[in-house]
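Trainee: I would like to learn how to read ring contacts and pockets in a model. Can you take me through them?

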Amino acid sequence: MSLSVEIVATKPYEGQKPGTSGLRKKVKVFTQPNYTENFVQAILEANGSALVGSTLVVGGDGRFYCKEAAELIVRLSAANGVSKLLVGQNGILSTPAVSSLIRHNKALGGIVLTASHNPGGPENDFGIKFNCENGGPAPDAFTNHIYKITTEIKEYKLVRNLQIDVSKVGVTSFDIAGKPFTVEVIDSVANYVRHMEEIFDFAKLKDFVSGKATGKPLKMRIDAMNGVTGSYVREIFLNRLGATESSVVHTTPLPDFGGLHPDPNLTYAKDLVDTVAQGDYDIGAAFDGDGDRNMIIGSKAFFVTPSDSLAVIAHYLEAIPYFQKNGVQGFARSMPTASAVDLVGRKLGKEVFEVPTGWKYFGNLMDAGRLCLCGEESFGTGSNHIREKDGIWAVLSWISVMQHTGKGIEDILKQHWSVYGRNYFTRYDYEECASDPCNEMVSTMETTITAPAFVGKSFSSGGKTYKVKEADNFSYTDPVDKSVATKQGLRIVFEDGSRIVVRLSGTGSSGATVRLYIDSYERENVLGQASVMLKPLIDIALEISQLPKFTGRNAPTVIT
């Protein structure tokens with residue numbers, strides 16, 4: 001029986017403008033009549049004529065409303081001329097897995113249902129983003145096109161009677177107004193695990209994890225935080241690498257993440273930190289809701305900053321077979337990320353790129369063959385194996401480095417700092433602040449730091465003096481397509497390489513989140529206590545930004 005396409009009248013909703021990683025709002029916003037339909041229709045229309053006959057990937061992090069949204073997307077895609085959908089079982093796919101599937105299947109793109117590290121549940125957040133045919137997040141021009149369509153939308157197309165059970169793996173074919181349409185519900189884990197086996201030497205890592213090679217099993221604590229990575233963690237670390245059941249926790253994806261806040265940092269992954277701090281583990285790791293972010297800690301909860309994590313992996317790329325086979329191109333980091341990887345790139349003679357926040361800015365460089373490793377300070381690390389950051393990949397990279405060096409995480413870091421110096425780094429988040437005062441703060445600070453007399457000015461605190469080398473509102477010209485991104489964050493760079501960065505985040509669902517980044521470089525004093533070493537520059541940053549005055553906050557919501 002042929003199913004018919006229904007044209008449904010609708011009206012625009014205000015505010016459907018995608019941020020750095022798609023559209024994120026409260027569940028109650030997405031479940032308003034036609035709200036999700038409008039936005040998905042805009043995504044589909046933005047693909048133009050390429051949509052007809054195409055293949056798309058659909059999946060998300062399993063949070064509340066994920067399964068229902070996936071089934072709705074099936075009905076919308078069928079009505080808009082898509083030929084085939086690859087849908088994760090129960091609507092679940094990690095963000096790295098979506099990117100991998102797009103690339104392996106040469107799909108037109110993927111619709112990812114996630115609010116990443118934001119809390120889940122009926123009272124919390126949901127999100128939708130589109131990844132393009134290279135597997136990476138849609139670039140600005142594409143998301144701007146989506147937004148324009150949402151402001152003008154008058155109707156969407158739907159096959160209302162198309163019923164699909166995304167809980168069952170299998171292939172179902174339909175006749176949509178005389179045209180074939182196929183939905184393949186796939187095992188959420190299989191393709192991604194095969195991909196990891198191509199990148200890493202699982203046999204060697206299994207011998208290391210089990211203790212066969214060393215006589216001492218690697219003691220791991222891997223926390224999936226009830227997010228999407230649970231099934232991936234169990235298949236890779238337990239079934240493939242032979243870790244014990246007690247090595248993994250919170251591996252059941254839950255719609256509300258079991259009440260956990262799935263943001264892998266020292267604040268929200270406190271259970272992991274406290275457990276590893278007791279000294280019984282060699283490595284601890286946590287992932288966010290959709291599996292693209294990671295946190296790494298060593299024995300006794302020795303914390304590895306994302307900036308240092310990127311730099312160490314860059315230094316030891318020979319430990320990973322993928323890079324032995326495919327070669328080492330350039331490195332890149334987001335602008336707020338501490339510049340530790342810059343020092344590695346300089347030593348190895350590789351290009352190093354500084355890009356705006358948002359993984360989409362790495363994609364062009366990867367596609368052009370100029371970038372193989374990149375990271376963001378917001379606990380994101382990845383390589384050109386896909387076009388997203390990849391939490392499990394990062395942990396496998398660290399285990400590979402440990403196997404390669406025969407050292408623990410703390411000793412690996414201390415050795416690294418002895419060679420390159422240390423970028424002491426922290427980020428202060430002030431969440432859900434009033435938007436207008438925050439915008440005023442940024443405007444006032446920009447006026448201050450871009451005044452001609454600001455360069456060359458010295459600031460002192462706690463016995464330390466920093467002299468301004470340059471200051472600006474960061475802009476970026478893509479070296480591949482020459483596109484320009486402006487007003488990406490206020491940046492003060494000092495002559496010793498230390499930096500202060502202030503920006504408003506685009507990943508929250510309400511209010512404004514102010515992020516203050518401190519990157520204090522020390523060439524010799526590399527074993528100091530981070531909070532002590534950072535305090536002088538933090539005090540200077542608060543003085544220049546007047547952040548307490550504008551936000552009304554005497555302390556950040558989260559320190560990472």
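**Rings first, then a pocket**

Mentor: Start with a count: there are 14 aromatic pairs in the structure. Keep in mind that this is a predicted model. One pair is Phe 30 with Tyr 35, an edge-to-face contact with 5.4 Å centre to centre and 80 degrees between the planes. Both Phe 30 and Tyr 35 are buried.

Trainee: Why is the pair of Tyr 192 and Tyr 232 edge-to-face?

Mentor: Look at the angle. Planes over 60 degrees apart count as edge-to-face. The planes of Tyr 192 and Tyr 232 stand at 90 degrees, with the ring centres 5.5 Å apart, so this pair is edge-to-face. Tyr 192 belongs to helix α6 and Tyr 232 to helix α8, so the pair ties together parts 40 residues apart in sequence.

Trainee: Are Tyr 192 and Tyr 232 buried or exposed?

Mentor: Buried means under 20% relative accessible area. Tyr 192 has 3%, so Tyr 192 is buried. Tyr 232 has 1%, so Tyr 232 is buried too.

Trainee: Which residues do ring pairs link into a cluster?

Mentor: Tyr 13, Phe 30, Tyr 35, Tyr 65 and Phe 126.

Trainee: Now the pocket. How is empty space found?

Mentor: Rolling a probe the size of a water molecule over the atoms shows where space is left empty. Take the second largest pocket here, with a volume of about 440 Å³. It has 23 lining residues, and those closest to its centre are Phe 303, Arg 422, Phe 425, Ala 530 and Ser 531. β20 gives the largest share of the lining, six residues. By class, the lining has 13 nonpolar, six polar and four charged residues.

Trainee: What does the charged end of Arg 422 sit over?

Mentor: The ring of Trp 417, 3.9 Å from the ring centre.

Technical notes: Residues are numbered from 1 along each chain as its sequence is written. This is a predicted model: local features need pLDDT of at least 70, side-chain atom pairs count only at pLDDT 80 or more; totals for chains, interfaces and linings use all residues. Side-chain values use heavy atoms; hydrogens and water are left out. On a 1 Å grid over the protein atoms alone, a cavity is a set of points where a 1.4 Å probe fits but cannot get out, and a pocket is an open set with protein on both sides within 12 Å along at least five of seven lines; lining residues have an atom within 4 Å of a point. Grid points are joined across faces, edges and corners, and a volume is the space filled by probe spheres set on the points. Helices (H or I, at least four residues) and strands (E, at least two) are DSSP runs, numbered from the N terminus. Ala, Val, Leu, Ile, Met, Phe, Trp, Tyr, Cys and Pro count as nonpolar, Asp, Glu, Lys and Arg as charged, and the others, Gly among them, as polar. Rings of Phe, Tyr and Trp (its six-membered ring) pair if their centres lie within 6.5 Å; planes under 30 degrees apart count as stacked, over 60 as edge-to-face and the rest as tilted. Buried means under 20% relative accessible area, exposed over 50%, partly exposed in between (1.4 Å probe, protein chains only). A charge sits over a ring if NZ of Lys or CZ of Arg is within 6 Å of the ring centre and within 35 degrees of the ring normal.
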